[in-house]
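Let's take a walk through this one, beginning with a single turn in the backbone and working outwards to how the chains sit together. Keep the viewer open as you read.

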There are 4 protein chains.
Amino acid sequence: MKVGFVGLGQMGSGMAARLLEAGHEVTVYNRTPEKARPLVEQGARPATSVAEAAGGEAVFTMLADDAAVATVTRGEDGILRHLSKGAVHISSSTISVELSESLTGDHADAGQTFVSAPVFGRPTAAAEGKLFVIAAGDSGALERLTPLFDAVGQRTFVVADRPSAANLVKLSGNFLIGSVLEALGEAMALVEKGGVDRKEYLDILTSTLFNAPVYKVYGGLIADRRFAPAGFPARLGLKDVRLALAAGESLRVPLPIASLLRDRFLTLLATGGADLDWAAIADLASRDAGQA
Amino acid sequence: MKVGFVGLGQMGSGMAARLLEAGHEVTVYNRTPEKARPLVEQGARPATSVAEAAGGEAVFTMLADDAAVATVTRGEDGILRHLSKGAVHISSSTISVELSESLTGDHADAGQTFVSAPVFGRPTAAAEGKLFVIAAGDSGALERLTPLFDAVGQRTFVVADRPSAANLVKLSGNFLIGSVLEALGEAMALVEKGGVDRKEYLDILTSTLFNAPVYKVYGGLIADRRFAPAGFPARLGLKDVRLALAAGESLRVPLPIASLLRDRFLTLLATGGADLDWAAIADLASRDAGQA
Amino acid sequence: MKVGFVGLGQMGSGMAARLLEAGHEVTVYNRTPEKARPLVEQGARPATSVAEAAGGEAVFTMLADDAAVATVTRGEDGILRHLSKGAVHISSSTISVELSESLTGDHADAGQTFVSAPVFGRPTAAAEGKLFVIAAGDSGALERLTPLFDAVGQRTFVVADRPSAANLVKLSGNFLIGSVLEALGEAMALVEKGGVDRKEYLDILTSTLFNAPVYKVYGGLIADRRFAPAGFPARLGLKDVRLALAAGESLRVPLPIASLLRDRFLTLLATGGADLDWAAIADLASRDAGQA
Amino acid sequence: MKVGFVGLGQMGSGMAARLLEAGHEVTVYNRTPEKARPLVEQGARPATSVAEAAGGEAVFTMLADDAAVATVTRGEDGILRHLSKGAVHISSSTISVELSESLTGDHADAGQTFVSAPVFGRPTAAAEGKLFVIAAGDSGALERLTPLFDAVGQRTFVVADRPSAANLVKLSGNFLIGSVLEALGEAMALVEKGGVDRKEYLDILTSTLFNAPVYKVYGGLIADRRFAPAGFPARLGLKDVRLALAAGESLRVPLPIASLLRDRFLTLLATGGADLDWAAIADLASRDAGQA
């Protein structure tokens, strides 16, 4: 398939590389063009504008936040103006439910299709095509896009016709990870002050009921208090919690743990931790216990 | 080994049966004696008093709460008076750190040994010898008891010399499960109101980052809103959160999620849910969102 | 002084009437013009556009939210285009710190002055000129406006040079009232379930340490569970808490009670209470205790 | 009246002095006897045992906590054994609902009467007879005791027949003060970071809606960050919140702000603040905002 890719950060680069490997014709665009180089060496066509990247049957966007996605979509040079009628904008960024819904309308008005396909997984998973894809949107479009999703992910979950449902699932997933960070932080503060070794404690947890990747990966960072360099920085963690709370607010769903997480992230950012890994919020329980 | 077993509820009966199967000489006691019958048929010796059950090298207690353990230990007919010098009281109940510490002292004063060996696992795991044993206490005693722990569990974790450390680990583990209940409840309230099917959502979670028994088992109950019959009733959930908070209070460790859980359990109990499974707290987020 | 007034709801009408009584030349504008009638009978000049109301030395705006203030300020027919150089826009609405800061810049660019002057007090206080005015902005401008503030309020507090500081004070004040609602709700749920009469309890509080208008007025509504008709509807209460949280987020200040209030308002709105008085959040504690 | 007084701390000494001034015959007892001296100089009869102090028609107890009250009541030398049949034990300490209920039963069994009469007010108010007395118990007994209450307080509120209702009112009152501390702490952290002076801010609050002693007295301490010497130390604040939560737990009333206060007090105690005034919890919001 002839497809564009806008946004070549760690996640986007990995995904675009997998599309190339799967034999698709990929035109890539990034605001700072040097990030495109390795992909061009792999066979990608470099674009000098978003418009150029939007010339195919579908174009992915994988960007940092709502503002970036809104700009590349609605700008002068943007996707809405330059994507062909009938073509698809695949949004893989973690964006708000609200933006997702408004872009769905914009693209429909322009005779195009908008689908949401955010992913679960860290950059290494993206590089290996091991992401999980959460897809929502027009079912015909999703079917046509299956080869693309298969290229970037190990499994695709189709959740609904309305694209924003996928964004909601993604945001709620990040909220659940955040809950694990906070809960582990509290539990480790408690047992450590009671004389139990944090790593031995984590070993018990992950050998028994909590035998899941999220407990192993993040639990290790927390037990060791290893929060730099950041795999996912705290300021983006705050952004995702804010988006989950905003979705809860529109839908009238109170989320007390999300409120707590928001307060934790603000504390972390107010005390110098903006660039630490988001797992660093787990250490605030220890700090409040007089220990960290 | 010649060993006693006091407390033949679902968990205790399973554990005692495994001890018998492993070839130990087991004397069993329960306040309501008919619960001893199946074990006696399997070869256990029935005791008509706690004192009688305390006649061997070690005696297990597996009871509902602090009050019950204090009574069988300190009563006229209790373990402290009747256990031989050098013998061991193995406490497998989920009790407070405070009681554990005071029993440690009492037994030491009586020339006996107190070890804590609470377990993770539901009654089916107890019946199959698949529990996880969290052991703490005198290392010599723990070594001698290894065959007993091996009989009841699939793996034993030795956490510290001080028996109460094992109780703390157990309480913190139950707190972590409670956190999962609340977090799943909030996430499901959110996505359901946004149009996503709860079971499909759970399938996504447990196929990806949250691939752990606790998310599968409890997530299933929550997605289906299947809270009766109770595997573990809400009033015991409240008790365990209270004990975690009490441990946090002695150690000066604030536990905001535990505070939230406490409030959730109180709401559940105040509104008729004392006998529901403790997973029912997860539905309060839906109720607050106007849905359950 | 020649002054305009945009926004003639209960609060705005009372304020404009007081300006007239103090002898100022007042041009009034409201989207639905019939609200202007009583003021015109009192001597106000009716305007058929915002532009017309912006023809004097100063123009007040007293509107429901950020969107309304942004529209009357920035629209084609808006204040920015039609206010004279050197004239002042006095914003009395409860708006966000963010909008306040951006309007400050817009007016400065247009050679005009923006000051914030939100008020504390209910409609009856507005009608009697008994409001408290919280003013912030250029000190020269505030001095010139003193006769206006004296007309609408019993006292004016000047808090800072930066207009948004007054908005922050207003938002934090509403947050403090919200905290009183929640705290009283919890306390009354507790004592009522313990057999104490709610009104007698309130009498004790307001005769002793809590002898303040906010406890008397709102405490009465809460003790009687009298939440309709709304003096200030719950959906506006949610808006104000959201703005306080947003200010906290920009400034990196976690506000745990504000987070709790937000969850309470969402619960109230999700369960049919959007048009109740915002004091109705106090009854959620009783509901959670199985009583309301 | 012939009356005893047990517990001559700052509060108790002031109350006993007022009883003397009102012409009652007062026998005083304190564990460390030198505290009785000033009262003896004023005409009090010194007792060398609790029993001796319990020889009249009524005996007050004003002690630090449940343990102290239980000891002087139930000990060998205690009130239960030595108070005449028909005489009254007036408990003015801030104790748990649970202890109050169990002492009510004990005294009834002994043919005596137990009434609760906790007070609101600081030591200066006690010295001036300006306390507020919250009384509950047998109405005949309360009537007979009116002269005593009138001597120590400026006003007496009779809340119920069941003594523990007065304890609940007292605990809930302290909870409400704690809520004010936390809410003021959050609000001041917010406005200070937004450039508003804390004292000017407090002046606005206490000149308008929050014109009550509790906002003035505690607001002043918080604005100035003046937390030593302690009028009421943080560790006693934690105790009172714990008792309010315990009452909520028995009655099945969730109290989310009380849970937050508990976490704040634990943080304060864990980080060296046990002996600061309890108002110091207000500064934790500033600390979390990176400021204190």
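Start at C:G195, which follows helix α9 of chain C and has a positive phi, near 95 degrees. Keep in mind that this is a predicted model. Now back up into the helix itself: α9 of chain C covers residues 164-193, 30 residues in total. From its first C-alpha to its last it reaches 44 Å, close to the 44 Å expected at 1.5 Å a residue. And is it out in the open or tucked away? Of the 30 residues of α9(C), 29 are buried, so the helix is largely enclosed by the rest of the structure.

Next, zoom out to a whole chain. Chain A has 14 helices and 9 strands. Its radius of gyration is 20 Å, close to the 19 Å that the globule rule gives for 292 residues, so chain A is as compact as a globular protein of that length. Along the principal axes, the C-alpha atoms of chain A fill a box of roughly 65 × 45 × 35 Å. Some 60% of the 292 residues of chain A count as buried. If you take contacts in chain A between residues at least 6 apart in sequence, 64% of them join residues at least 24 apart.

Then there's the assembly. A turn of 180 degrees with a shift of 0.0 Å along the axis lays chain B on chain A with an RMSD of 0.0 Å. The two copies are thus related as by a two-fold rotation axis. Among the residues of chain B, B:A212 comes closest to that axis, at 2.4 Å (C-alpha). Chain A also touches chain D, with 6 residues of chain A in contact with 6 residues of chain D. On the chain A side, those residues divide into 2 nonpolar, 3 polar and 1 charged.

Technical notes
Residues numbered from 1 in each chain as written. Chains lettered and ligands numbered in written order. Predicted model: local features only at pLDDT ≥ 70, side-chain atom pairs only at ≥ 80, totals over all residues. Helix = DSSP H or I, 4+ residues; strand = E, 2+ residues; numbered from the N terminus. Expected span 1.5 Å × (residues − 1). Buried ≥ 20, exposed ≤ 12 C-beta atoms within 10 Å, placed from the backbone. Least-squares fit on C-alpha atoms with pLDDT ≥ 70 in both. Contact = placed C-beta atoms within 7 Å. Nonpolar A, V, L, I, M, F, W, Y, C, P; charged D, E, K, R; others polar. Rg over C-alpha atoms; globule rule 2.2 N^0.38 Å.
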